[in-house]
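Q: I'd like a close look at one part of this model, with a bit of context around it. Here is what I have on screen.

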Amino acid sequence: MDIIREKTACFTGHRPEKLPGGSSDSPEAKVIKSMLYTEITAAVNDGYDTFITGMQRGIDLWAGEIVLSLAADAQRNGIPRLGGVSEQKVGGNGAQGGILN
């Protein structure tokens with residue numbers, strides 16, 4: 001799989017307990033998730049087709065879930081823009097990450 005850097009976005013961020021509200025279901029987390037959705041949707045509309053996430057709790061997984069949701073919506077509507085998880089890597093320290101495209 002070739003990755004075009006100019007059309008790739010990476011996600012990393014804080015764990016839920018380190019964010020305002022302190023949990024995944026707090027009102028503050030819902031605002032953050034809404035902002036992520038808006039920005040990820042804009043990136044897809046701008047032609048971004050590869051999204052990389054560190055797969056950690058919080059921002060990483062929230063962003064990944066949004067990308068997968070958008071990919072499922074696109075497939076249901078016959079738009080082959082995003083296809084799902086194409087790779088999962090394990091780094092030398094055992095850390096995992098996913099490439100969603």
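Where is Met55 found? Once that is clear, please walk me through helix α1 (residues 27-45) and what surrounds it.

A: Met55 is found in the loop that sits between β2 (50-53) and α2 (59-76). Keep in mind as we go that this is a predicted model. With a relative accessible area of 33%, Met55 is neither buried nor exposed: it counts as partly exposed. Looking across to Glu65, which is 10 residues away along the chain, you get a C-alpha separation of 9.9 Å from Met55.

Now some context for the helix. The protein chain has 2 helices and 4 strands, and reading from the N terminus their order is β-α-β-α-β-β. Among these elements, α1 has the highest mean pLDDT, at 93, while strand β3 (residues 85-90) has the lowest, at 50. For the protein chain the mean pLDDT is 79, with 75% of the residues at 70 or more.

On to α1 itself. With 19 residues at 1.5 Å apiece, the helix should span 27 Å, and its end C-alpha atoms are indeed 27 Å apart, so expectation and model agree. Its buried residues are Ala29, Ile32, Leu36, Ile40, Ala43 and Val44. Viewed down the axis of α1, the buried residues stay within an arc of 105 degrees, so they line one face of the helix. The elements that cover them include β1, β2 and α2. Turn to the face pointing away from that buried side and you meet the exposed residues Pro27, Lys30, Met35 and Asn45.

Tyr37 is another residue of α1, and at a relative accessible area of 41% it comes out as partly exposed. If you skip the neighbours within four places in sequence, Tyr37 is in contact with Ile66 and Leu70. The C-alpha atoms of Tyr37 and Trp62 are 9.1 Å apart, with their positions 25 residues apart along the chain.

After α1 comes Gly47, which has a positive phi, near 100 degrees.

What about the strands on either side in the order of the chain? β1, α1 and β2 make up a right-handed β-α-β unit. Strands β1 (residues 8-11) and β2 run parallel and are joined by 4 bridges, with Thr8 opposite Thr50 in β2.

Zooming out, 32% of the 101 residues in the protein chain count as buried. Among contacts with a separation of 6 or more, 65% are between residues 24 or more positions apart.

One caution for the other end of the confidence scale: over residues 89-95 pLDDT stays under 50, and the model has 6 contacts for that stretch beyond four places in sequence. Where pLDDT is low, the predicted coordinates should not be read in detail. As for α1, to recap, it has the highest mean pLDDT of the elements and a span that agrees with the expected 27 Å.

Technical notes:
Residues are numbered from 1 along each chain as its sequence is written. This is a predicted model: local features need pLDDT of at least 70, side-chain atom pairs count only at pLDDT 80 or more; totals for chains, interfaces and linings use all residues. Side-chain values use heavy atoms; hydrogens and water are left out. Buried means under 20% relative accessible area, exposed over 50%, partly exposed in between (1.4 Å probe, protein chains only). Two strands pair if DSSP finds at least two bridges between them. A crossover is right-handed if, with the strands pointing away from the viewer, the path from the first strand over the helix to the second runs clockwise. pLDDT is the predictor's confidence in each residue, from 0 to 100. Contact means heavy atoms within 4.5 Å. The expected span of a helix is 1.5 Å times one less than its number of residues. The arc is that of the directions from the helix axis to the C-beta atoms.
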